[in-house]
Amino acid sequence: IASLSYRAAALRALPQAASALGAVGSRMGPLQSGHAGSASTSLWLSPRRATACQHSVARMSGGSATAAEEHSGGGEVKTTTAEERADAEALKMGEAASKDVSAECESSAVLEDFESVDISPSGTFKYVLIKAEDPAGNVKHLLRGYRDSDYHVYAARPTVEKLRNSGLSAQVLGGGRLRHSPDHKTLHLWGRSHSFGREDKSISQALCQAFYPEYEVTWTNDGY
């Protein structure tokens with residue numbers, strides 16, 4: 001009986017509690033879509049408090065904010081669009097043509113003209129691993145990644161087009177995400193590319209380690 005009375009009292013208090021939460025939410029802003037006092041509103045928090053809560057949830061679930069970033073890449077998650085898929089397919093279709101051209105004509109450039117690693121100076125962003133080959137069959141791997149490239153194809157395309165226009169063949173082997181922390185002298189690579197797949201990360205790690213010898217460069221195949 002005591003238990004039933006307690007539950008009844010709790011049910012009677014729900015409208016007042018919802019009203020109070022709605023009043024607080026109207027001043028602090030929503031964590032997710034909805035409006036103050038609506039039945040669909042689950043919790044209203046300031047952006048700073050929302051971030052703290054998300055980090056707490058990650059820790060309680062056995063992870064961390066850093067681990068969560070390895071699945072999202074930090075910030076907004078952008079996987080693919082119809083336009084991106086079409087651009088990626090066009091880049092792939094050019095692989096065979098670039099090999100034919102490089103075999104028939106003398107290259108106007110040498111592999112050494114292309115820096116092995118070219119990435120943004122800091123931040124978390126997508127990257128790709130490119131295989132470049134000259135008419136003599138010499139191969140060089142190139143890693144490219146930029147903060148302003150929303151999709152892997154746009155990190156790859158400038159270098160791929162420059163290679164092919166110079167009479168060299170180019171193939172995107174795959175990619176993932178990269179976190180560049182110059183203050184801590186660390187580079188971390190993880191995940192895969194939706195359009196190009198997952199590259200051999202030991203090659204990407206070796207390229208970055210040689211280019212940044214004073215850094216600690218790590219990698220994992222986990223995450224997206």
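**Figure 1. Helix α5 has a kink of about 30°, centred on P158.** The model shown here and in the other views is predicted. Helix α5 covers residues 152-165, and its 14 residues, at 1.5 Å a residue, should span 20 Å. The C-alpha atoms at its two ends lie 20 Å apart, which agrees with that expectation. Residues of α5 that are buried include H152, V153, A155 and A156; T159, V160, L163 and R164 are likewise buried. After α5 comes G167, which has a positive phi, near 90°.

**Figure 2. Q205 of helix α6 touches V217 and W219.** Helix α6 comprises residues 201-211, with Q205 among them. Q205 counts as buried because its relative accessibility is 18%, under the 20% limit that defines this class. A polar atom of the Q205 side chain lies 3.2 Å from the backbone oxygen of V217. The contacts with V217 and W219 are those found when residues up to four places away in sequence are not counted.

**Figure 3. F211, Y212 and Y215 form one aromatic cluster.** Three aromatic pairs are found in a search of the whole structure. One of them is the edge-to-face pair of F211 and Y212, with 5.1 Å from centre to centre and 75° between the planes. The rings of Y212 and Y215 have centres 4.7 Å apart and planes at 35°, and therefore make a tilted pair. F211 has 33% relative accessibility and so counts as partly exposed. Y212, at 14% relative accessibility, counts as buried, and Y215 is buried as well.

Conventions: Residues numbered from 1 in each chain as written. Predicted model: local features only at pLDDT ≥ 70, side-chain atom pairs only at ≥ 80, totals over all residues. Heavy atoms only, no water. Helix = DSSP H or I, 4+ residues; strand = E, 2+ residues; numbered from the N terminus. Buried < 20%, exposed > 50% of the residue type's maximum accessible area, 1.4 Å probe, protein only. Polar contact = N/O pair within 3.5 Å; in protein donor to acceptor, adjacent residues only side chain to side chain. Contact = heavy atoms within 4.5 Å. Expected span 1.5 Å × (residues − 1). Bend = angle between axes of the 7 residues up to and from the residue. Phe/Tyr/Trp six-rings, centres within 6.5 Å; stacked < 30°, edge-to-face > 60°.
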